[in-house]
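Work through the exercises below with the coordinates open. Each task is followed by a worked solution.

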Amino acid sequence: MQTVLFHSTIFGPIHSRRLGASLGVNLSPNDGKICSFDCLYCEAGYNAQGPGTTGLPPRANVKLLLEQKLSEMKSKGEKLDVITFSGNGEPTLHPDFEGVIDDTIELRDKYFPHVKISVLSNSTRLAEQGVCNALRKVDNNILKLDSAITETIRLIDRPNSPEFTAENVIGQLEQFGKQCIIQTMMLRGTHDGVEIDNTTDAEIDALIKAYKIINPAEVMLYSIDRKTPEQNLVKVEKEELDRIADRIRSYDIKVQVS
């Protein structure tokens, strides 16, 4: 069974196709997965693998490990474009998420003041004021919206909460406007015999309507790049992504394809 990708709190730097030279921060366990979604395409595998034994890294440990790595990189003259919160689950589930972001800003300013701070979030914690406060402080507040149709988003992302709907999350995303980037995974395939496709005309029309409501700084369209836990998923090739992007751009929405 496919399992967690990252076995440390600080990892990389790695090359991100969207963000450049990225130093990763994993606020999930090092030997398990904790997430409010259970996405069919998650590179870290399904939640069924369990949360592991190491637990969430304490805020003080995150700061210590991050400072050690940034100090080492600076002394070696290494290149860094971004510090990215991702890892083996949803980073905003960490109970000290806002404090961790404050620490990261402090360390970034000390060692690499030109570097951006990015958070990749699945948008499930936007009812929490502390989470929203923290997301407004970072340079790249990258929030997931894989479909604007509840049935589809529940099929693809499999939220833990039975109350999660596309309508609710779009309303919560609207509060950020130009302070957020919306990231949408485009894919098609099947899961347990059910067809999944968020590239249809109806799906794209619904996404365009949602993007217009949210009014983000940018939309990131991408597709599968690595192994996924559901094997019956199909990558949407760049040529098709470009066509979808052009359709969205016709509504004066900025789109990046990667």
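The exercises cover one serine and several salt bridges in this predicted model.

**Exercise 1.** Determine where S223 lies, whether S223 is buried or exposed, and what the polar atoms of its side chain contact.

Solution.
1. Locate the residue: S223 sits in the loop that connects β9 (218-222) with β10 (233-235).
2. Classify it: the relative accessible area of S223 is 1%. Buried means under 20%, so S223 is buried.
3. Check the side chain for polar partners: the backbone oxygen of M186 is 2.6 Å from a polar atom of the S223 side chain, and the backbone nitrogen of V236 is 2.8 Å from a polar atom of that side chain.

**Exercise 2.** Find what the side chains of E43 and R226 form, and place both residues in the chain.

Solution.
1. Take the N to O distance: at 3.2 Å, E43 and R226 form a salt bridge.
2. Place the partners: E43 is in the loop between β2 (20-26) and α1 (59-76), R226 in the loop between β9 and β10, and the two are 183 residues apart.
3. Classify exposure: E43, at 25% relative accessibility, is partly exposed, and R226, at 46%, is partly exposed.

**Exercise 3.** Work out how K238 and D242 are placed in helix α7.

Solution.
1. Take the contact: the side chains of K238 and D242 form a salt bridge with an N to O distance of 3.0 Å.
2. Use the spacing: the two residues are 4 apart in helix α7 (residues 238-249), so about one helical turn separates them.
3. Classify exposure: K238 is partly exposed at 48%, and D242 is partly exposed at 25%.

Definitions and conventions
Residues numbered from 1 in each chain as written. Predicted model: local features only at pLDDT ≥ 70, side-chain atom pairs only at ≥ 80, totals over all residues. Heavy atoms only, no water. Buried < 20%, exposed > 50% of the residue type's maximum accessible area, 1.4 Å probe, protein only. Polar contact = N/O pair within 3.5 Å; in protein donor to acceptor, adjacent residues only side chain to side chain. Salt bridge = Lys/Arg side-chain N within 4 Å of Asp/Glu carboxyl O.
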